[in-house]
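User: Please take a close look at the aromatic side chains of this structure. I should like a connected account of how their rings are arranged.

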Amino acid sequence: MFENYLKIAIRNLMRNKLFSFINIAGLAVGLAAFILITLFVRDEFSWDSHWTRSSDIYRLENTYTRPGQPDRESPNAVDPLKDIFFDTFREVEDITRYFDAGMTVRNNGELFGQRTLFADANFFDFFSMRFLEGNAANAFATQSNVVISQRTAEKYFAGSSALGEVISVRIGDEFRDFVVSGVVASPKENSIVVHDFILPFNREYFVGARWFTEDWRFAIRQTFVRFAPGTDMSLIRAELPAIVDRHLPKGQDGMETGRDWSMTLSLVPIEGVHLYGNGENGDADVLYGFLAVAVLILLIAVVNFLNLSMARTAHRAREVSMRKVLGANRSQILQQFLGESVLLALVSLMIALALVELALPYYNAFLSSLVQMNLLEDPALLAALLALGIGVGLSAGSMHATYFALLRPRDVLYSNTSPDAGTTRLRAGLVVAQFSISVALMIIAFFVNQQTEYARQLDLGFSADNLIVVSGTNGSQSETFKQRLLASPFVEAVGRSSDVPTEGSEDRLHIRPLDGGEPVMLDGLPTGPDFFSVYRIPLLAGRYLTDAEADILRKREENASYRPDANIVINAMAAKLLGFETPDAAVGQIMPTDLSSTLRVNATIVGVVEDFHFDSARDVIRPGIYYIDQMRQSDMTVRINGGNRDAAINSVEQAWRETFPDTLLSYRVMEDMVEQQYQSEARLSDVLLMFTILAVTISCMGLYGLASFTAERRTKEIGIRKVLGARLGDILKLLLWQFSKPILLANLLAWPAAFYFLNDWLNGFAYRIELDLLPFASIGAAALAIGWMTVIGHAYLVARANPIKALRHE
Amino acid sequence: MLKLHNLSKVYRTDEVETAALNSVNIEIESGEFVAIMGPSGCGKSTLLNIIGMLDSPSSGDYIFMGENVAPYGEAKLSNIRKQHIGFIFQSFNLIDELSVEENIELALLYHNIPASERRERVAHVMDKVGIAHRAKHMPSQLSGGQQQRVAVARAVVGDQAMILADEPTGNLDSAHGQEVMEMLQSLNEEGTTIVMVTHSPAHADYARRTINLFDGHVVTENLRAAV
C-alpha cells in the first residue's frame, strides 16, 4: 500500500515538474528562513542556561530613582545587600559577587588590556566550570592567585602549561604579581559571566575609593543569589521594597543619602539577564519581532503549498474517486494525502537544512552572531526540526487531504464539470492571505528602514565624525598629554569633559527662574573650555567658557573647593525653561544654582549654545548647564584630521605612551558610539528587509504556479472568447484582472494592520517619522506590478494561442 | 442478488427539486445480465450509482444480498462495495500515473491481500482479458479498447459477484465495442451478474433482460426471447 502511495506521489511530482519545484522550493526557502531566524532567537534566549542549577540563580540589580528623572539602571548591587539578603531570606543558599573591570596586565614586559573579574572566594563553587589545569578547591588558595581561561592561557603562555606562571596586574599605581593557580574552559559566547581572568577580591586594592563600602550610592559589584529549589520568587520579590525602606540610610543632607533619591531592587533570572537585565544589550521585543516574521514567512510558504495542492485537486480527483470506488475509505484517503505532503515537507526540510548550512556564515556575519546548527550533537534541535517538518506537512496537506476524503466519486466519474469549482474561491482567498502578509511586511520594512535612516540622519546638534574619545585622563599628567596631542599635525583640537555625548549625564542641578517660580532641573555637565569647539556646537548668544579664573568653578588642586560664583553656559532649551524670551536675554543674568542641596553657587550665564543630544538619540534633548570643573575631566575628546585616520590614531597612541607608560590607551570612536545606539533598530531593519524579500519571492512563486495552472484551465474559455471576437488585449486584461483582484484585496487588509503596528512602534521614539499614505499606495502598486510581472508570461502565451487548438484541447 | 423497492431519488438545489428516480421497483437475480436503456436524463446513471452504492436513495429500500443497505453510511457501503461490486466506466477512469498492472492491482490494495497473491491474481486476470503483453505500459500508451479491457480486468480482479458497466462501449469504435461486449458476456457465463447502461440496442441484445427507463420510471422490462 505504502509502496503504491509512494509510487503515485513520485510520479505525480515528476509529471508536474513546475508545480513540484515551486511547491518544494517554496517550502524549503520558507523553512530555511524560519530555521535561521529561530536558531538566532533560540541562541539569544539560551544565555547562561549552562550553569549548574541555573534556574535557581538570580542577579540582584539596583535601579536608582529620582523624581522627575530617568531611572539609572545598574547591573550591580550595593555591598550591604549581601548580608541583608542572608538575614532576611531563609531561602538564600548562597551569594557570590564580582567586580568586572578592565585592567592593565604586564607579561614579559609587554602591556595588555585585560577584562578582569575580582571575585568572591566562593565564585568557583557558585559557578561550576571545568578546570583544565588546577582545581576549584585550590583556585584561590592565596590572595595572589589568578585563574585564567583557556583562551587567556593561549594569549599569554601559548604552547606551554600556564599553571604556576606569574603575571602582573596594575592595581592602583603599582604592578602586583599573581600566580596562575588554574586554567578553566573558555567562557561560552552566550554568557554574561566573562571569566577570562579571575582574581580573588581584595578590599585593600580599593582603599581610598568610596566603593566597596557601606555606601549605598555605589553599586559596583555584580551580585548573584542562589535560592533553594522551589522558592516562591513572587514572595521574595514582594519583600524587596521593604528591604530598601528598612535599610537605605536616610540622612539630613539630601543628595548624600536616600532622601532625594531612592532605589528599587530586582532579581533577574540569570538565564534572562542578557535580555532583561540592566545594562545588557539583548532586546526581547526585537526577538519577538523576529519570531513573528519567521512565523509569517512559514505561514506564507505553507499557504503556498496549500494553494498549489488545491489547484491540483482536479488533476487527482479521478484517482481518488477510483480509489474510493475500489473500496478506499476516508481515513485511507486522508492518510495517503497527509502522508504525501509530510513526505514533501520532509524533502523540503532536507533542502532547507542544506540552505541553512550554506547561509549560516553569511547570516552570522550579517547579524554579528555566532549561531550554529549541530544536528548530531543537539538531539533536541533534531527532534524539533523533525516535528516542524511533520507539522508543516500535516497542516500544508490538511486542506486537500480533507477535500479528497470528502470527495464523492460519482461527482467526478460521471460528470463533465470540473470537480474543483468549489475551490476556486478558496484558492483566491489563500492568495489574498499570502499577499496581505507580504504587503504588510513590505510596508513595515519600508517604514522601519525610513525611521532608522531618519534617526541616523537626525541632527545630533554636534558633529560626530573624526572624534576619538580617550578615557582615564583625570590624572595630573593630563595637561601634558593634551599638549602632546595638540603638537601632532593630525590632531585638530582637544576638548575635555566628565562624560561625552551618547552617555548621558548624571548631574542634576536646580535653578530658580527669574520670575521666582519653582526651581527647574537642568542636566549638568562638567566640561573644559574647549568642549564646545571640539564638538562644533554653535553659539547662539554670548561667549564660550575660557581658561579665565572666573570661568572655572573648581580648580584641579589639593582640597579643591567650588567658587561661590562662576560663569556658566546653558543650552537654548534651558534658556527657554528659565523664562528668557531669547538667548540674548539670558546672557549676563546671575542665577542662584544648587549643585547639591548644600552647595549653592551664584552662576552667571555668559553664553547660550544650540541644543544638542547628550543622552541617546532615542531620547528627547534635555535642558543642560555646562561649567568647568577641572577635577572632573576624565574624558578627552580628540578631533583628528579625517584625511589620515591611522596616522592620527598612531599619534594619539604615541602621546599616550610618552605620558602614561604604565597603562594602556583606551579610546572609543564617537561615530561608533552613535551608531551603536541604532544597532538594535538597524538590525531589525536589515533582517526585516531581507526576509520581506524572501516572503515576496515565495508569494510570487505561488502566484506563478497558480497562473500557469489557471492558464491551462482557462484555455478552452479563452478559445471561445477569441472565436467570438476577443482580441489579445482583451484577453490579457481579463487574465490580469483575475490576479489583480486578490492583490488589491490583500492591500485593503494589509494597510490597516501595518499602520496599527507601525504607529505603535514609532511611538517608542522621541523623534519619529510620520506615516504618509504615499508609501502605502506605492507599495500596493509595487505589489500589483510584481504580481503582474509574475503572471504576464502565462497570460500572454494563453492569450496568443490559436483558438482552434484550444478548443480541441478537451 | 438485489431488489429495489419503491426507490426514489430527489435532487435538491436552492430552488428546484428534481426527481431523478420515482418509485422504482427492480429485482435482479444472481447471474443475470441486465441492460438499462433510456434517453439522456432518464435516471439511468442515478440508478447505477445507487445500485453501486456511490449514492444513497432519498426513500425506499435497497436490498442487496438479503440486507437493506438504504440507510447505511459511507463506511459500511464502501465495505460492501469493495467486496462485491466492480465498475466499468465509459471514460475508463484509469489512473494516468499507474501502469496497466498497477491499475489493476489498485483494486486489491484495499483488501488486505498479500503482495505475492496480488501479483498472481493480476497476472491471471491480465491473461484472461488478453492484456498481459502490455503489463508495464502506461494508459496513455494504449488504445481505447485496450484501456477498457484493463478497466474490465480491474473490475473483476477482486472476484466481484456483480459488475456495473456505465456505457462501457460509449468511447469505443464498433470492433473494440464488440470485443468488450463479448468479454462481458463470457464473464456472465462464468456466473458474474452484470448490470449495464447502454444507448446501443445492439449491445443491449447481449443482455437477457432490458429495463427501459423514462423520466425516472421503469417503463418496460423485456426478456430476450431466445437465449
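Analyst: The following account treats the aromatic rings, chiefly those of chain A. The model is predicted, and it holds 42 aromatic pairs over all chains.

One of these pairs is formed by Phe118(A) and Phe206(A), whose ring centres are 5.4 Å apart. The angle between the two planes is 85 degrees, and the pair is edge-to-face because planes over 60 degrees apart count as such. Phe118(A) belongs to strand 4 (residues 110–119) of chain A, whereas Phe206(A) lies in the loop between strand 9 (197–200) and strand 10 (222–227) of that chain, so the contact ties together parts that are 88 residues apart in sequence. Phe118(A) is buried, with a relative accessible area of 0%. Phe206(A) also counts as buried, at 12% relative accessibility.

A further pair joins Phe124(A) and Phe131(A): the centres are 5.3 Å apart and the planes stand at 65 degrees, so this pair is edge-to-face. Both Phe124(A) and Phe131(A) are buried. These two residues belong to a cluster linked by ring pairs, which also includes Trp51(A), Tyr98(A), Phe123(A), Phe126(A), Phe127(A), Phe140(A) and Phe224(A).

Charged groups also meet aromatic rings. Within the cluster, Phe126(A) has the charged end of Arg226(A) over its ring, 5.3 Å from the centre. In chain B, Lys76(B) lies over the face of Tyr72(B), at 4.5 Å from the ring centre.

Technical notes. Residues numbered from 1 in each chain as written. Chains lettered and ligands numbered in written order. Predicted model: local features only at pLDDT ≥ 70, side-chain atom pairs only at ≥ 80, totals over all residues. Heavy atoms only, no water. Phe/Tyr/Trp six-rings, centres within 6.5 Å; stacked < 30°, edge-to-face > 60°. Helix = DSSP H or I, 4+ residues; strand = E, 2+ residues; numbered from the N terminus. Buried < 20%, exposed > 50% of the residue type's maximum accessible area, 1.4 Å probe, protein only. Lys NZ or Arg CZ within 6 Å of the ring centre and 35° of its normal.
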